[in-house]
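Q: Hello! I'd like a close look at one part of this structure, and I'm happy for you to wander to its surroundings afterwards.

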Amino acid sequence: MPQPGEELIQHRRAKLEALRQRSIDPYPPRYHRSHTTEEALALLTQAEKDAPQGESRRTEGVSVAGRITAMRAMGKAAFLDIRDGSGRIQLHLRRDVLGEEAYRLLDSLDLGDFLGAEGPLFRTRKGEPTLEANRLTLLTKSLRPLPEKWHGLQDVEQRFRQRYLDLIANPKVREVFIARSRIIAAIRRFLDGRGFLEVETPILVPVAAGAMARPFVTRHNALDRTLYLRIATELYLKRLIVGGFDKVYEIGRVFRNEGIDQNHNPDFTLLESYEAYADYRHVMEMVESMVSSVAQEVLGTLQITWNGVPIDLTPPWRRLSLLQEVHSRTGMDIGDYPDAPSLAAKMRSLGIPVEQRASRGRLLDKLVSATVEPHLTQPTFLLDYPVEMSPLAKRKPENPALVERFEGFIGGLEIANSFTELNDPIEQRERLQEQEALLRAFQEEEMDRLDEDFLLALEHGMPPTGGLGMGIDRLVMVLTGQPNLREVMLFPQMRERPPG
């Protein structure tokens, strides 16, 4: 026995066949649309302003098109709502205007179909802007029903798997992704305005380096070699600084073979920028200026709300020492625990679970994540990290145990990571060799990798440089008030659909 949903599909297929028998093409190749719904409504508003007192306030004929979202038939007349990418407009269909044959098309229409309509615009007695259709064109026959009208699409799994239905049913979701696009465009304008050059670097790379992450592995048949999907763009962008570009950036996808949770997705959008003759303090100023200007441009305000908490993006943001924050939260001095066993024992005494075997760098990262980051609600830069956590960053001259690095936080969420870049090729090689040794010793951990081509470039000389990595998806989460990364990614990775 067919399921209710299957019956609806069969009913629509029958209408499709009836249309074809009437020589009506249910999928015509083109349609001339003179106005979007938004433009058509603006045309009516202007016509009403221009019309002399007492004269009919109608427009000239226009053609609009969109998906049918509501139908109200009343014998010899009907009202339909159609929606395109700019908004909604009401159509008025009358048998005596369209003619008997054309009006019969109404019998073959369903919610979800795409329809073109031509005619003048007027305003009904209730004040509703309306197009009086004198010609209709079916543009696409929908074979599956849309989500239930009043309650929208609520199933979270279905929303992410079938994002197109989510966009149709939930207008607020559309607004989030429109905002995302505008945020990225505003970031580009900001960086371009500061003299940065947007570039593109390889996605398939021979060494997955530039970050501490596990890569995705692939095989290039023609070259007969193993390649990796990039985990960062850093080392290629630094090559461009070596090559003489002073300011470069890239906004693109990177791929990390990691778990999925509310703050992580295996592929995500990363902004990386590098500026010659700058350091991490210059980059701090740039980040707070960029985020605040983007928020003002896209949202019209620097006051946002994240998880119910008001946040003020106005620069300058707080600048806090990592060592001091750990001490104020735990009472411990990181320098008193110079190796992994002593640090692990102290963390366990604080109630922080740690693995049996973990490097000191990994333990430090977990310590900061557990004790400091959740408290960084207002925009904050956390400064000066232990060298073990940052193999690509330059040491602080006054304290070589630390590097010139900051991470930027909003709402307890890391959105930015920056170094004064290490440009000493000898020390950089030593640091990356240490990473390779740690990878052999702690095979379950993610370490940076030694890239000989990058070191070769560095030996030709790279000027003092300030670098930045910023997670675009997380920034969009914060600026749009979304609690989950998948709410700001059009097509997030999902587990395989269960059978049945």
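Q: Which side chain meets that of Arg123 in a salt bridge?

A: Happy to take you through that one. Please keep in mind that this is a predicted model. The partner is Glu48: its side chain and that of Arg123 form a salt bridge, at 2.7 Å from N to O. Arg123 belongs to strand E5 (residues 121-123) and Glu48 to helix H2 (residues 37-50), so the contact ties together parts that are 75 residues apart in sequence. The two ends sit in unlike surroundings: Arg123 is partly exposed, at 35% relative accessible area, whereas Glu48 has a relative accessibility of 18% and counts as buried. The cut-off for buried is under 20%, so Glu48 at 18% falls on the buried side.

This pair is part of a wider set, as a search of the whole structure finds 42 salt bridges. Another one joins the side chains of Glu128 and Arg88, at 2.8 Å from N to O. That pair also links distant parts of the chain, with Glu128 in the loop between E5 and strand E6 (129-132) and Arg88 in strand E3, 40 residues apart. Here both ends are partly exposed: Glu128 has a relative accessible area of 24%, and Arg88 has 32%.

For a local example, turn to Arg329 and Glu325, whose side chains meet in a salt bridge at 4.0 Å, N to O. Both residues are in helix H10 (residues 322-330), and because they are 4 residues apart, about one helical turn separates them. An α-helix has 3.6 residues a turn, so residues three or four places apart point the same way. Arg329 is partly exposed at 42% relative accessibility, while Glu325, at 13%, is buried. Salt bridges can also join up beyond a pair: Lys15, Asp110, Asp113 and Lys141 are linked in a network of them.

Strand E3, the home of Arg88, leads to another feature. E3 (87-94) is one of the elements that supply at least two residues each to the lining of the second largest pocket, as do strand E1 (62-74), strand E2 (77-84), helix H6 (163-169) and helix H7 (171-193). E1 gives the largest share, 7 residues. The pocket has a volume of about 860 Å³ and is lined by 31 residues, with Thr69, Arg83, Leu146, Ile168 and Ala169 lying nearest its centre. By class, the lining holds 14 nonpolar, 6 polar and 11 charged residues.

Further along the chain, three strands form an open antiparallel sheet in the order E9-E11-E10. Strand E9 (204-205) and strand E10 (217-220) are at the edges with a single partner strand each, so one side of each has no neighbour in the sheet. E9 and E11 pair over 2 bridges, and Val205 stands opposite Tyr228 in E11.

Between strand E11 (225-229) and helix H8 comes a loop that contains Thr233. Thr233 is buried, at 3% relative accessibility, and beyond its sequence neighbours within four places it is in contact with Thr201, Glu250, Val254 and Glu272. Helix H8 itself (residues 234-242) has buried residues Glu234, Leu235, Leu237, Lys238, Arg239 and Ile241. These pack against strands E12 (247-255), E13 (267-276), E20 (413-420) and E21 (465-471), and against helix H14 (452-459). After H8 comes Gly244, with a positive phi near 115 degrees.

Note on methods:
Residues numbered from 1 in each chain as written. Predicted model: local features only at pLDDT ≥ 70, side-chain atom pairs only at ≥ 80, totals over all residues. Heavy atoms only, no water. Buried < 20%, exposed > 50% of the residue type's maximum accessible area, 1.4 Å probe, protein only. Contact = heavy atoms within 4.5 Å. 1 Å grid on protein atoms, 1.4 Å probe; cavity = no way out; pocket = protein on both sides within 12 Å on 5 of 7 lines; lining within 4 Å. Points joined across faces, edges and corners; volume = space filled by probe spheres on them. Nonpolar A, V, L, I, M, F, W, Y, C, P; charged D, E, K, R; others polar. Pairing = 2+ DSSP bridges.
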